[in-house]
Amino acid sequence: DTRASRVLCIPLRDEADESCAKMLAQLLALDGLAVDVASADSLSGEVVEQVAAIGADVVVISILPPIAQRETRLLWKRLRARYPDLPIIVGYWLGPNATESLLPPPGDAASKVATTLAEAVTLIRSAAAQRKLAKAV
């Protein structure tokens with residue numbers, strides 16, 4: 001499988017979340033990953049379908065605080081129900097000295113939380129490589 005790993009960046013709510021998703025997409029593209037950014041106006045059902053339509057290997061949910069954890073959980077649950085093994089990275093953009101954090105859902109090894117773009121790139125690169133290895137076996 002020589003194709004580039006595909007990443008779908010999903011802004012959770014608004015233009016601020018979408019701007020962060022686009023910045024992350026640019027960094028990932030420099031790494032040779034194929035990246036799509038969903039629109040902040042997309043309904044969660046549309047986004048869940050988009051994962052299959054583009055064949056995403058990794059999904060990133062982009063969130064600029066403040067945010068209610070419940071909002072994140074709803075989208076995460078829909079994605080996890082449809083794609084049980086899909087790596088989901090939650091980009092909760094607080095910065096490197098974050099004191100509050102959003103915990104990944106318990107018992108879900110395929111989900112991770114990043115608080116900086118650099119951390120997100122590392123997690124996504126690792127998740128994409130693991131997916132490629134799993135598909136090659």
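A nonpolar core is a set of buried Ala, Val, Leu, Ile, Met, Phe, Trp, Tyr and Cys residues joined through side-chain atoms within 4.5 Å. The exercises below use this term for a predicted model.

**Exercise 1. The nonpolar cores**

Task: Find which residues of the largest nonpolar core touch the most other members, and state which helices and strands each supply at least two residues of this core.

Solution.

Step 1. The largest core has 21 residues. Those that touch the most other members are Leu8, Ile10, Val51, Val59, Ile61, Ile63 and Leu79.

Step 2. Three strands, E1 (6–11), E3 (58–63) and E4 (88–92), each give the core at least two residues. Helices H2 (44–54) and H3 (69–82) do so as well.

Step 3. A second core, separate from this one, has 17 residues, among them Leu33, Ala114, Val121 and Ile124.

Step 4. As background, nonpolar side chains in soluble globular proteins tend to be buried together.

**Exercise 2. Ile61 and its surroundings**

Task: Decide whether Ile61 is buried or exposed, and list what Ile61 is in contact with beyond its neighbours within four places in sequence.

Solution.

Step 1. Ile61 is located in strand E3.

Step 2. Ile61 has 0% relative accessibility and therefore counts as buried, the cut-off being under 20%.

Step 3. With neighbours within four places in sequence set aside, the contacts of Ile61 are Ile10, Leu12, Leu75, Trp76, Leu79, Ile88, Ile89, Val90 and Gly91.

Step 4. Ala21 is 40 residues from Ile61 in sequence, and their C-alpha atoms are 8.1 Å apart.

**Exercise 3. Ile88, a contact of Ile61**

Task: State where Ile88 is placed and which residues Ile88 touches, not counting those up to four places away in sequence.

Solution.

Step 1. Ile88 belongs to strand E4. Its relative accessible area is 0%, so Ile88 is buried.

Step 2. Residues up to four places away in sequence are not counted; Ile88 then touches Val59, Ile61, Trp76, Leu79, Arg80, Ala110, Ser111 and Lys112.

Step 3. For one of these, Ser111, the C-alpha separation from Ile88 is 4.7 Å, although the two are 23 residues apart along the chain.

**Exercise 4. Val48 in helix H2**

Task: Characterise Val48 by its burial and by its contacts outside four places in sequence.

Solution.

Step 1. Val48 sits in helix H2, and a relative accessible area of 6% makes Val48 buried.

Step 2. Apart from neighbours within four places in sequence, Val48 is in contact with Arg78, Leu79, Arg82 and Tyr83.

Step 3. Val48 and Trp76 are 28 residues apart in sequence, with a C-alpha to C-alpha distance of 9.7 Å.

**Exercise 5. Packing of H1 and H4**

Task: Classify the packing of helix H1 (residues 15–30) and helix H4 (residues 117–136), and name the residues that meet.

Solution.

Step 1. The angle between H1 and H4 is about 55 degrees, and their axes are 10 Å apart.

Step 2. This angle makes H1 oblique to H4.

Step 3. The crossing of H1 past H4 is right-handed.

Step 4. H1 contributes Cys20, Met23, Leu24, Leu27 and Leu28, which meet Leu117, Ala120, Val121 and Ile124 of H4.

**Exercise 6. Two further residues of H1**

Task: Sort Glu18 and Ala16 into buried, partly exposed or exposed.

Solution.

Step 1. Glu18 is in helix H1. With a relative accessible area of 16%, Glu18 is buried.

Step 2. Not counting residues up to four places away in sequence, Glu18 touches Pro11, Val37, Ala38, Ser39 and Ala40.

Step 3. Ala16 is also in helix H1, but Ala16 has a relative accessible area of 32% and is partly exposed.

Step 4. Ala16 and Leu64 are 48 residues apart in sequence, while their C-alpha atoms are 6.7 Å apart.

**Exercise 7. Cysteines**

Task: State how many disulfides the whole structure holds, and explain why Cys20 is too far from Cys9 for a bond.

Solution.

Step 1. The search of the whole structure gives zero disulfides. Cys9, for one, is in no disulfide.

Step 2. A disulfide needs two cysteine sulfur atoms within 2.5 Å. The cysteine sulfur closest to that of Cys20 is in Cys9, 11 Å away, which is too far for a bond.

Step 3. Cys9 is buried at 1% relative accessibility, and Cys20 is buried at a relative accessible area of 8%.

**Exercise 8. A cis peptide bond**

Task: Find which residues a cis peptide bond joins.

Solution.

Step 1. The bond joins Pro65 and Pro66, with omega about 5 degrees.

Step 2. Pro66 is in the loop between E3 and H3.

Notes
Residues are numbered from 1 along each chain as its sequence is written. This is a predicted model: local features need pLDDT of at least 70, side-chain atom pairs count only at pLDDT 80 or more; totals for chains, interfaces and linings use all residues. Side-chain values use heavy atoms; hydrogens and water are left out. Buried means under 20% relative accessible area, exposed over 50%, partly exposed in between (1.4 Å probe, protein chains only). Helices (H or I, at least four residues) and strands (E, at least two) are DSSP runs, numbered from the N terminus. Axes are lines fitted to C-alpha atoms, for helices over the stretch in contact, and angles run from 0 to 180 degrees between N-to-C directions. Angles under 35 degrees count as roughly parallel, over 145 as roughly antiparallel, 65 to 115 as roughly perpendicular and the rest as oblique. A crossing is left-handed if the near helix is turned anticlockwise from the far one by less than a right angle, and right-handed if clockwise. Contact means heavy atoms within 4.5 Å.
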